[in-house]
Amino acid sequence: MDHPQLLEDIAIAAREAGEAILGIVRRGYAVEHKSDSSPVTEADRAAEQIILAALAKAAPGIPVIAEEEVAVGRIPAHGDTFFLVDPLDGTKEFVRGGDDYTVNIGLIVGGAPVLGAVFAPATGKLHAGAVGHGAWLEERSLRTPISTRAAAANLTAVASKSHFNQPTADYLCAVGECDYVAIGSSLKFCIVAEGKADIYPRLSPTSEWDTAAGHAVLLAAGGRVDGPDGGPLRYGKPAFLNRGFVATGGWEALGVSPFLQPFSGGGDLPQGV
């Protein structure tokens, strides 16, 4: 499989899906709610159909686990190689009129993300990366390589705008002195991948399609994402559910583990990122 070429293909698909989302924003849309009370719109569904068609052409035979397809019970048979797609990550911020929502497409091989694209339609920024080939940011037709930074004594943290909770606050206090920025969607992974932040803790459940693309970009940029056991966060878990994770960009420089103490990602339902 030609990962660099496939990355180019999924980047194009993410942009096309993003353009469809912006078109729906311009003409207006209704907000519905799924069984878990999370919002869903016409934009989610339209973007997903564009991505499914693009992936069928770019990578025929590779199953696609997509959020809205799963929501209606359509989960294809799959082995250890499959795509994870969130056509509109950060829907809560989207319906509030915010601009920190994204289109996420990630490829999983053997339980690990190997490439991914994260497109932010409202800003036009595209983050993409393939493990072993590097990561980049494309903005205004200019493509720039990105990489993580070595963590400093005074860390910068990013965390969920909609789902910041007490365990996350306690964790950041345990990490030590750090600045904190709240932002929605998988852009948090991308901020760490760009070297603009050091740590992104998520101590509550998310779905795998929320994280796969951003995780891939961060790995390609030199970062890491660890699960509650302190090992690399894996994919293909029951119900495609992450209990929690901590994403970092340069912990080796500090000589410490990103998990200063064990934690348990509580709850049963995914809550987005």
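Guide: Let's start with a word we'll need: two residues are in contact when they have heavy atoms within 4.5 Å. Keep in mind that this is a predicted model.

Visitor: Okay, so which residues is leucine 88 in contact with, leaving aside its neighbours within four places in sequence?

Guide: Ile21, Thr41, Ala43, Asp44, Phe94, Tyr101 and Thr102. As for its place in the fold, leucine 88 is found in strand S4, residues 81-89.

Visitor: Is leucine 88 buried or exposed?

Guide: The general idea is that a residue counts as buried when its relative accessible area is under 20%. Leucine 88 has a relative accessible area of 1%, so it is buried.

Visitor: What about the whole chain? How many of the residues count as buried?

Guide: Of the 273 residues of the protein chain, 55% are buried. The chain holds seven helices and 16 strands. For contacts with a separation of 6 or more, 63% join residues 24 or more positions apart.

Visitor: How do I read a helix, then?

Guide: In general, an α-helix has 3.6 residues a turn, so residues three or four places apart point the same way. Now take helix H7, residues 208-220. At 1.5 Å a residue, its 13 residues should span 18 Å, and the end C-alpha atoms are 18 Å apart, so the two values agree.

Visitor: Is H7 mostly covered or mostly open?

Guide: Mostly covered: twelve of the 13 residues are buried. Among them are Trp209, Asp210, His215 and Leu218. Just after H7, glycine 222 takes a positive phi of about 105°.

Visitor: Which residues does UniProt list for "binding site"?

Guide: The unreviewed entry lists Glu67, Asp86, Leu88, Asp89 and Asp210. They are spread over 144 residues of sequence, yet they cluster in space, with a largest C-alpha distance of 9.7 Å. Go easy on that label, though, as such annotations may be inferred rather than shown by experiment.

Visitor: We've met leucine 88 already. Where is glutamate 67?

Guide: Glutamate 67 sits in helix H3, residues 67-71. With a relative accessible area of 16%, glutamate 67 is buried.

Visitor: And which residues is glutamate 67 in contact with, again leaving aside neighbours within four places in sequence?

Guide: Lys34, Glu48, Val85, Asp86, Pro87 and Trp209. Two of those names should ring a bell: Asp86 is in the UniProt list, and Trp209 is one of the buried residues of H7.

Technical notes:
Residues are numbered from 1 along each chain as its sequence is written. This is a predicted model: local features need pLDDT of at least 70, side-chain atom pairs count only at pLDDT 80 or more; totals for chains, interfaces and linings use all residues. Side-chain values use heavy atoms; hydrogens and water are left out. Helices (H or I, at least four residues) and strands (E, at least two) are DSSP runs, numbered from the N terminus. Buried means under 20% relative accessible area, exposed over 50%, partly exposed in between (1.4 Å probe, protein chains only). The expected span of a helix is 1.5 Å times one less than its number of residues.
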